[in-house]
Amino acid sequence: MTAPAGTRVEILAEVPALGRSFARGAAGSAVDAARRTLPGAPGGLALPEVAYRVEHVATDLPDVAARLAAYRRVVGEPPPTGPVDHLPAGFLHVLGFPVATALMVRGDFPLPLVGLVHLANAVTLTRPVALGETLRVTAWAENLRPHRRGVQVDLVTEVATSGETAYRGVSTYLAKGFTLPDDVTAAASSGTDDRRETFVAPVPTARWRLDAGTGRAYGAVSGDRNPIHTSALGAKAFGFRRAIAHGMYTAARALAEVGPARGDAYDWSVEFATPVLLPGTVDVAITRGPAGFDYVGWDARHGRPHLTGTVTPRA
């Protein structure tokens, strides 16, 4: 584990239930909303110096195999071609996400779970992970820093098997309206600048037609049943006209578009721009370069990008 120095590890008996974590996160939102009005409070904002770990996550159970098969159908991953079924990096993200979410709803986590904006993901898969292997999942938070619209933070999840880290995923989130004290960090202008540049659409290589149930379908295989993805009413409560697709669904679908050419080990990154309203249509372009693959998904009608990323095979 490469967590920040001083981080202590707390062992969890099992993978936390996402539903309970989301309920706890919603209950704490009022407190967090009040906290954002006091950016200069003593001590400022600080991350808990703790990592959560689940030592034995079994993948040899029938329900895991069924869930993996359903995940493949939902995101378009091709079925295994040989006797060994390897877990796509997007599915490893799904397995680790509840552990990271449990960390974000701790009482000493300084940002609200409800309302966090998913900005980006960076994943490294150093070796294939086979269905049936027993996994150790560890998650922690790090790198609290300013963003021109608030504060951003990284949630890191590592998956190890046979004593070797096979997967590392870094999810970056934005909490709008929060501020770090001046004596802790530089001015907010030093944060990531997400102002939109003029988008020039490439020649599409695929088109996704996403129906209104896409959020519910991905929620069923991922466990992430956040109402902004599964309900028009839930989405409207957060300012969206309709339910929106999960960002990791669109990223996983782009990874599936690259397919077997990515190899058994790869780096996979994504940056999210505008959400995909459901139902909706996304044009996609996968292009091959010297090092790997670039992908972009966009709204052809309005000329707005939804996501960009790369998939780079590892030697």
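How many aromatic pairs does the count come to? Keep that in mind while we walk through this structure, which is a predicted model.

Let's start with the sheet. It is an open one with 11 strands, and the pairing is mixed. If you trace the strands across the sheet, you meet them in the order β1-β2-β4-β5-β6-β3-β8-β11-β10-β9-β7. The edges are β1 (8-12) and β7 (206-210), each of which pairs on one side only. From one strand to its neighbour, the turn is 20 degrees on average, ignoring direction. Now zoom in on the β7 edge: β7 pairs with β9 (residues 280-288) in the antiparallel sense, over five bridges. For an example, find R207, whose bridge partner in β9 is D283.

Next, look for helix α4, which lies across several strands, including β2 (50-58), β3 (117-125) and β8 (266-272). Against β4 (134-147), α4 runs at about 65 degrees. Is this helix enclosed or open? Here 16 of its 16 residues are buried, so α4 is largely enclosed by the rest of the structure. You can check its length too: 16 residues (89-104) at 1.5 Å a residue should span 22 Å, and the end C-alpha atoms are indeed 22 Å apart. The helix does have a kink of about 40 degrees at G96, shortly before the proline P98.

One residue of α4 to click on is H93. Its relative accessibility is 10%, and since buried means under 20%, H93 counts as buried. Leaving aside residues up to four places away in sequence, H93 touches N121, Y167, S171 and M248.

Back to the opening puzzle: the count comes to three aromatic pairs. One of them joins F199 and W298, with 6.0 Å from centre to centre and 50 degrees between the planes, which makes it tilted. F199 sits in the loop between β6 and β7 while W298 belongs to strand β10 (residues 293-299), so this pair ties together parts 99 residues apart in sequence. Their surroundings can be described as well: F199 is partly exposed at 24% relative accessibility, whereas W298 is buried at 2%.

Another pair is Y218 with Y249: the ring centres are 5.9 Å apart and the planes are at 65 degrees, so this one is edge-to-face. Y218 is in helix α5 (residues 214-222) and Y249 in helix α8 (residues 247-258), so the pair links parts 31 residues apart in sequence. Both Y218 and Y249 are buried.

Note on methods: Residues numbered from 1 in each chain as written. Predicted model: local features only at pLDDT ≥ 70, side-chain atom pairs only at ≥ 80, totals over all residues. Heavy atoms only, no water. Helix = DSSP H or I, 4+ residues; strand = E, 2+ residues; numbered from the N terminus. Expected span 1.5 Å × (residues − 1). Bend = angle between axes of the 7 residues up to and from the residue. Buried < 20%, exposed > 50% of the residue type's maximum accessible area, 1.4 Å probe, protein only. Contact = heavy atoms within 4.5 Å. Pairing = 2+ DSSP bridges. Axes fitted to C-alpha atoms, helices over the stretch in contact; angles between N-to-C directions. Phe/Tyr/Trp six-rings, centres within 6.5 Å; stacked < 30°, edge-to-face > 60°.
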